[in-house]
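Let's take a walk through this one together, starting where the chains meet and ending in the interior. Have the viewer ready to rotate.

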Amino acid sequence: MSVFMDLNLIYTGDRTGLRTLLETAAHLGFSTVAINYVFEPTSKKKQVKIVSSVCKHLCLYQGRSRPIRVLNRLTVVMSDSSHFRPNATEYRSFDLLAVQPTTEKLFHAACMLYDVDIICISVSEKLPFFFKRAPVNGAADRGVVFEVSYSAAIRDSTLRRYTIANAINLMESCKGRNVILSSAAEKALELRGPYDVTNLGLLFGLSDGDAKEAVCSTCRSVLLHAETRKTASGIIYTMRSCSDSAGQEGAPGDPEHGGSIIDSQTIKPSLASDD
Amino acid sequence: MRPRLVSDVSSVGRYLLCEVIVSDRSRLLLLDDRAIAIAVKATVARIHGDYGAALCSVGFSVKYLNAHTGIVFLRMPKRCYKLLWSALPFITSIETRGEKIQCFLNCLHVGGTIRTCQKFLIRYNTQQLHRMLPKCKNEEEKQQVSQALLNCTLVGGTDEAFEDELRSEEDEEECLPNMP
């Protein structure tokens, strides 16, 4: 059985609504979800805070005996290059990092330079720029994925046109690889089951195999990429609940560096800047 | 039953097993199969235009609806089932008896015959009962659920309602390239 993930559930501040959302996602068969905190630097709001211990007793998901896994994700809506500060300390508490670029220069920079996991393709407007092969391939080489959200398409007809237009535009440049599909659901009724999402991928221009990958294996590679980003390419692994603050362990999730356990004294800072 | 002829190719279908998910379970009982058929046809017309509406009028039907659990079987012709299926996620509400119920359809399984969908449904319902077991509030409910679990079997035999029963199993091989 494949594991399905939905990495974009928008956080709206409503805790009971969030709980229903997670229960519905568990019922539909998603093994992992990520609560998305959208941060817009241009608006007046202050820094976002994570809802800790959202659900004490998490619901079991379809066909498994383990409860659904809930991650935290931050999306920075960028209209200027100063909005995203790499290596900021606030970003450390989030498991996944995403950016949503609004201009072509920012898109190029996000693909080639920024240390993020996901690049969101905006759905609320027809993108003013086209996707060029060079940054898209550069992002694919680094392991950064592109995300298309579908709940706007379900809500409104004009947004549907923009979503499909932007998605098809993207698929032409990236040839259907390195894409994830996710809802940007705020309520439980905006979610869709994993097979339905796979079918929606066909509407967005993906082939059958690519569409299924977009819901399971590419999402899993995003999680692994996020782990290697947090753990400095898989060398340092910090445990929160230990008595000493940092335990050292080699993370097997990074294929480039193998699975060897490296002693803490031998870690060189130059290895961390690899990638 | 007569053997299947080559000319029967156009009558081959795909049966989609879907579950209607609502926020308020008591509203489920208001549903009937006509309401679901109308909702699906309207959505297909909205998403795929006149072409979709025309495809829907040939070969699409709601075969079975269980209002208590929200399970519905949809039958579609094989040549265009993906197109019609791609419109199903866009259903946001179903109108029945003057009320609009906010809901969506979750597709559980695609099969070539009703019998395979039935077999899947039995397995699925067994899993649901297993999930309910730890949530039982008292011993009596636990007994009921355990009894129901032990009684889950496929009712065999020649039931004329399932007229595709003897159709060849090779239909299903191309059915689910993507499903596990």
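A salt bridge here means a side-chain nitrogen of Lys or Arg within 4 Å of a carboxyl oxygen of Asp or Glu. Keep in mind that this is a predicted model. With that rule in hand, how many salt bridges cross the interface of chain A and chain B? The rule finds one. To see it, look for B:Lys82 and A:Asp208, whose side chains meet at 2.9 Å, N to O.

Polar contacts add to the picture: six residue pairs, both partners at pLDDT 80 or more, are in polar contact across the interface of chain A and chain B. Which helices of chain A bring residues to that side? At least two residues each come from α1 (15-28), α4 (151-155), α6 (194-203) and α7 (208-215) of chain A. The most comes from α6(A), which gives seven residues. Sorted by class, the side of chain A that touches chain B has 14 nonpolar, nine polar and five charged residues.

Now zoom out to the whole interface. In total, 28 residues of chain A are in contact with 28 residues of chain B. Between the two chains, about 2,400 Å² is buried, and carbon and sulfur atoms give 59% of that area.

Next, head inside. The count comes to three cavities of 30 Å³ or more, and the second largest holds about 40 Å³ of space. Its lining includes A:Phe146, A:Cys174 and A:Arg177. Helix α3 of chain A (residues 133-142) supplies the largest share of this lining, three residues. By class, the lining of the second largest cavity has four nonpolar, two polar and one charged residues.

Technical notes: Residues numbered from 1 in each chain as written. Chains lettered and ligands numbered in written order. Predicted model: local features only at pLDDT ≥ 70, side-chain atom pairs only at ≥ 80, totals over all residues. Heavy atoms only, no water. Contact = heavy atoms within 4.5 Å. Buried area = accessible area lost by both parts, 1.4 Å probe. Polar contact = N/O pair within 3.5 Å; in protein donor to acceptor, adjacent residues only side chain to side chain. Helix = DSSP H or I, 4+ residues; strand = E, 2+ residues; numbered from the N terminus. Nonpolar A, V, L, I, M, F, W, Y, C, P; charged D, E, K, R; others polar. 1 Å grid on protein atoms, 1.4 Å probe; cavity = no way out; pocket = protein on both sides within 12 Å on 5 of 7 lines; lining within 4 Å. Points joined across faces, edges and corners; volume = space filled by probe spheres on them.
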